[in-house]
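Hi everyone, thanks for making time for this. I'd like to walk you through one structure, starting with its empty spaces and then turning to its rings.

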Amino acid sequence: MPNTTTLFQNTAAFAKQLDDIDDLKNYRNQFYIPQHNGNDMVYFTGNSLGLQPKITKSYIEQELNDWAKYGVEGHFLAQNPWLSYHELLTHKMAKVVGALPSETVMMNQLTVNLHLLMVSFYRPTPQRYKILCEAKAFPSDQYALQSQVKFHNFNVEDAIIEITPREGEHCINEVDIFEAIEKYKDELALIMIGGVNYFSGQVFDMKAITEAGHKAGAVVGFDLAHAAGNLDLQLHDWKVDFAAWCSYKYLNSGPGSVAGAFVHETHHKSTNLPLFAGWWGHDKKTRFLMDKTFVPIESAERWQLSNAPILSMAACHASLTIFNEVGMENLNKKSKQLTDYLQFVIDEINKQKNNCLQIITPLQNRGCQISIVANGYGKELYNKLIANGVIPDWREPNVIRCAPVPLYNSFLDVYRFGSVLSELL
Ligand SMILES: *Cc1c(COP(=O)(O)O)cnc(C)c1O
């Protein structure tokens, strides 16, 4: 496969050739691709809602059948007993994010998990209470941070330090993150950044940020909504304190499906962490003695509150099975080629169309997503793309986010995206 963009060609025949030699090409057949006028849509919104694997239905049906057959006894008698169902996901998920199984748990929803983890890991003191985050973080994250700050009776304006892109730039210069960590090192309680910025697609150097944060005496957590299943993550080795992510974006587990959480093993035995507790975080051996003293599990499972939502877990189980079969390394390799090809196609369009498309995603620090500013065009352009069977997503005022996903998108998808877009410009 060509590894320099100079060898690419903007033709359907060339794209098909790349698909022919793609080791992962058969995975596309394992997904339902939404249709437009009887043809596959060009689906570039796997960063928003991943597509449905064909095996998902049978995984959910298994649980529906066992529920029909056993009723409450399914907790013990189901083929995959519900009592420990979430453990089936733990090992698979841990591999995808580079964690130890004991550091990973699937539970709740993303924003819920962020809050539960901040209860333990945002512990401000009068001297050390600030949170460093990226400007224009996903709104839910901003609300979560603000409400945590207020909950501890601090002032939002004072306590939250936002790193913004420099004047005229779309991405954050990481130097500015490190300078801010140094500047606020005596007041910083927490660094909470998205591993990938949802808007620009910029990937942050999580390892270096974690190191710098720890050196400054701060706790470091990441929102990995746009990183889990997209990037090669090594949460354990990077010594990240905590992280949370959803499973419905790159992880293809269905709308609103169960989310993930990571807590580094260094915190598992800590006895002085504040925690909002529930029975599912209680020691498994004595959970059903129903005693009033909470005995925490010494793993990420300690943060569980409730028994598991089995039906959405089943969807997540199906998807993670595919991820483990493919492996993140192979996915990353293809992902890089897909985005390189997309970049090439856009450069070719620009040659014909007065450079009207500006890619704001960094060339190196990126995953599947490329964000394009369409200078001089409004949302009408997006509406026309949809009408032509191409589905990226649109962020006001003029950004098109495209995420060719290595599991089910093809090089031909990238070519088709370019040819439709070119016609509309
Ligand atoms: C998608 C996304 C969310 C969504 O939060 P939910 O709790 O799953 O609704 C939050 N934060 C980021 C960064 C996201 O990309």
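**Pockets, a cavity and some rings**

Okay, so the largest pocket holds about 360 Å³ of space. There are 20 residues lining this pocket, and the ones closest to its centre are Val203, Leu231, Gln364, Arg366 and Gly367. Before I go further, keep in mind that this is a predicted model.

Which helix gives the largest share of that lining? That would be helix α12, residues 328-352, which puts in 5 residues. If you sort the lining of the largest pocket by class, you get 7 nonpolar, 7 polar and 6 charged residues. And both domains take part: domain 1 (5-30 + 327-424) and domain 2 (61-326) each supply at least three residues to the lining of the largest pocket.

Now for the second largest pocket. Its space comes to about 250 Å³. Here we have 23 lining residues, and nearest the centre you'll find Leu110, Phe138, Asp141, Asp223 and Ala225. The elements that give two or more residues to this lining are α5 (110-121), β5 (130-134), α6 (139-151) and β7 (188-194). By class, the lining of the second largest pocket has 12 nonpolar, 7 polar and 4 charged residues.

Next, the closed-off space. How many cavities of 30 Å³ or more turn up in a search of the whole structure? The search finds 1. The largest cavity has about 30 Å³ of space. Around this cavity sit Gly229, Tyr250, Phe323, Leu331, Val405, Pro406 and Leu407. That makes a lining of 6 nonpolar residues, 1 polar residue and no charged ones. So where does the largest cavity lie? Domain 1 (5-30 + 327-424) and domain 2 (61-326) both give residues to its lining, so the cavity lies between them.

Let's move on to the aromatic rings. The structure holds 17 aromatic pairs, and I've picked two to show you. Phe121 and Phe242 are a stacked pair, with 5.3 Å from centre to centre and 10° between the planes. Why does this pair tie together parts of the chain that are 121 residues apart in sequence? It does because Phe121 lies in helix α5 while Phe242 lies in strand β9, residues 242-245. Are the two rings buried or exposed? Phe121 is buried, at a relative accessible area of 1%, and Phe242 is buried too, at 0%.

My other pick is Tyr341 with Phe344, also a stacked pair: 6.2 Å centre to centre, with 15° between the planes. Both residues are in helix α12, 3 residues apart, so to speak about one turn of the helix. Tyr341 counts as buried because its relative accessible area is 0%, under the 20% cut-off. Phe344, at 11%, is also under 20% and therefore buried. Tyr341 and Phe344 belong to one aromatic cluster along with Phe8, Phe14 and Phe411.

Finally, a couple of spots where a charge meets a ring. Lys136 lies over the face of Phe199, 4.8 Å from the ring centre. Over at Trp280, the charged end of Arg287 sits over the ring, 4.0 Å from its centre.

If you scroll back through the model, start with helix α12: this helix gives 5 residues to the lining of the largest pocket, and the Tyr341 and Phe344 pair lies in it as well. That's my tour, thanks for listening.

How values were computed:
Residues numbered from 1 in each chain as written. Predicted model: local features only at pLDDT ≥ 70, side-chain atom pairs only at ≥ 80, totals over all residues. Heavy atoms only, no water. 1 Å grid on protein atoms, 1.4 Å probe; cavity = no way out; pocket = protein on both sides within 12 Å on 5 of 7 lines; lining within 4 Å. Points joined across faces, edges and corners; volume = space filled by probe spheres on them. Helix = DSSP H or I, 4+ residues; strand = E, 2+ residues; numbered from the N terminus. Nonpolar A, V, L, I, M, F, W, Y, C, P; charged D, E, K, R; others polar. Domains from an automatic or database assignment. Phe/Tyr/Trp six-rings, centres within 6.5 Å; stacked < 30°, edge-to-face > 60°. Buried < 20%, exposed > 50% of the residue type's maximum accessible area, 1.4 Å probe, protein only. Lys NZ or Arg CZ within 6 Å of the ring centre and 35° of its normal.
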